[in-house]
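Visitor: Please take me closely through one helix of this model, with the parts that lie around it. I would like to know which way its residues face and what its neighbours do elsewhere in the chain.

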Amino acid sequence: MTHDDITADAVTGPGGTPPGPSAVRPASPDADVDSPRHDTAPSPADAALPPELAPAALTLFGERLDVAAAYAELLATDGVVRGLIGPREAPRIWDRHLLNCAAVAERIPSGATVLDVGAGAGLPGLVLAIARPDLTVTLIEPLARRTSFLIEVVERLGLTRSVRVFRGRADEAATGSSGREPISGEVVTSRAVAPLDRLAGWCLPLAVRGGRLLALKGSSAAAEIEEHAEVVTRLGGGEPAVHLCGIGVIDPPATVVEIVRERMVGPARPAANKRPRDGRSRRR
């Protein structure tokens with residue numbers, strides 16, 4: 001995939017702004033209201049891999065550990081300055097973010113097409129693309145400030161062949177907008193975006209039939225399933241299941257709610273008007 005392939009989606013998204021290198025400050029009009037402002041970049045040392053986590057990192061990233069380390073440095077510097085990662089998170093990037101996200105890869109089939117909804121700074125989508133070069137990943141994110149960061153990171157890490165950035169909301173990706181074709185995938189991921197009922201409403205329409213939603217959750221996973229199971233069923237999802245990923249590798253393991261899309265539920269799309277080969281309209 002070329003540079004133009006990546007930037008096209010960001011430009012043609014709703015309210016698109018030209019992507020590419022931008023000022024290192026959260027000055028976009030669609031920036032989060034609670035995003036901190038920083039005058040100086042944090043030290044790259046904040047992204048250093050703690051020695052005690054090195055075995056887990058090597059297990060999850062293998063020969064791509066150097067790429068993961070480069071991404072960690074970008075998160076701890078540009079990511080913090082732009083307000084995508086909180087400054088207190090920089091020293092915890094490996095254990096709280098990278099390893100936690102990479103552990104989810106064990107639930108994803110080989111060669112799968114993955115859509116990451118609400119990609120933000122690239123968690124978990126970019127992490128999965130680094131850990132699993134066999135995957136094709138689309139990062140779905142509506143905010144220009146974030147998509148600019150994602151585009152730059154994809155290019156700097158050399159992931160343009162396997163990662164695409166889509167600027168827009170999940171519903172726009174599922175139905176198509178601004179002349180773009182609808183997209184779908186075998187796996188849809190999301191992390192810390194919304195409660196399970198809303199998340200299923202956004203993500204299940206993006207999954208092919210038999211595909212699955214993998215939602216990274218915390219201790220609230222079981223409670224959310226109990227509260228929102230009926231909504232998930234109405235949306236065409238199967239019974240939600242909780243999986244612990246990375247057992248024996250990371251502590252604590254990552255908690256993932258998995259929902260298979262069993263039925264296609266949603267508004268029917270209007271059929272395209274077909275013209276006969278001779279170009280004349282048919283009348284009854």
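Guide: What follows starts from helix α2 and then moves to its surroundings.

The model is predicted, with residues numbered from 1 along each chain as its sequence is written, and local features need pLDDT of at least 70, side-chain atom pairs count only at pLDDT 80 or more, while totals for chains, interfaces and linings use all residues. Side-chain values rest on heavy atoms, with hydrogens and water left out.

The protein chain holds nine helices and seven strands (DSSP runs numbered from the N terminus, H or I of at least four residues for helices and E of at least two for strands). Of its 284 residues, 49% are buried (under 20% relative accessible area with a 1.4 Å probe, protein chains only; exposed is over 50% and partly exposed lies in between).

Helix α2 covers residues 54-61, and within it A56, A57, L60 and F61 are buried. Seen down the axis, these buried residues fall within an arc of 110 degrees, so they line one face of α2 (the arc is that of the directions from the helix axis to the C-beta atoms). In general, an α-helix has 3.6 residues a turn, so residues three or four places apart point the same way. P55, L58 and T59 are exposed on the other side of α2. The buried residues of α2 pack against three helices, namely α3 (65-81), α4 (93-102) and α5 (125-131), where contact means heavy atoms within 4.5 Å. Just after α2 comes G62, with a positive phi of about 55 degrees; most residues other than glycine have a negative phi, and most peptide bonds are trans.

Two of these partners, α3 and α4, are joined by a loop that contains E89, a residue that is buried at a relative accessible area of 15%. The side chain of E89 makes a polar contact of 2.4 Å with that of R92 (a pair of N or O atoms within 3.5 Å; within protein, one must be able to donate a hydrogen and the other to accept it, and residues adjacent in sequence count only if both atoms are side-chain atoms). A further polar contact, of 2.9 Å, links the side chains of E89 and R96. Apart from neighbours within four places in sequence, E89 is in contact with R96 and H97.

H97 leads on to the largest pocket, whose volume is about 1,300 Å³ (on a 1 Å grid over the protein atoms alone, a pocket is an open set of points with protein on both sides within 12 Å along at least five of seven lines, a cavity is a set where a 1.4 Å probe fits but cannot get out, and lining residues have an atom within 4 Å of a point; points are joined across faces, edges and corners, and a volume is the space filled by probe spheres set on them). H97, L123, R191, A192 and V193 are the closest to its centre among the 46 lining residues. Helix α4 supplies the largest share of that lining, five residues. L123 is also joined to P124 by a cis peptide bond, with omega near 10 degrees, and P124 lies in the loop between β1 (113-117) and α5.

Helix α3, for its part, gives at least two residues to the lining of the largest cavity, as does α6 (144-156). This cavity holds about 30 Å³ of space, and its lining consists of L74, D78, R82, F149, E152, V153 and R156. The most comes from α6, with four residues.
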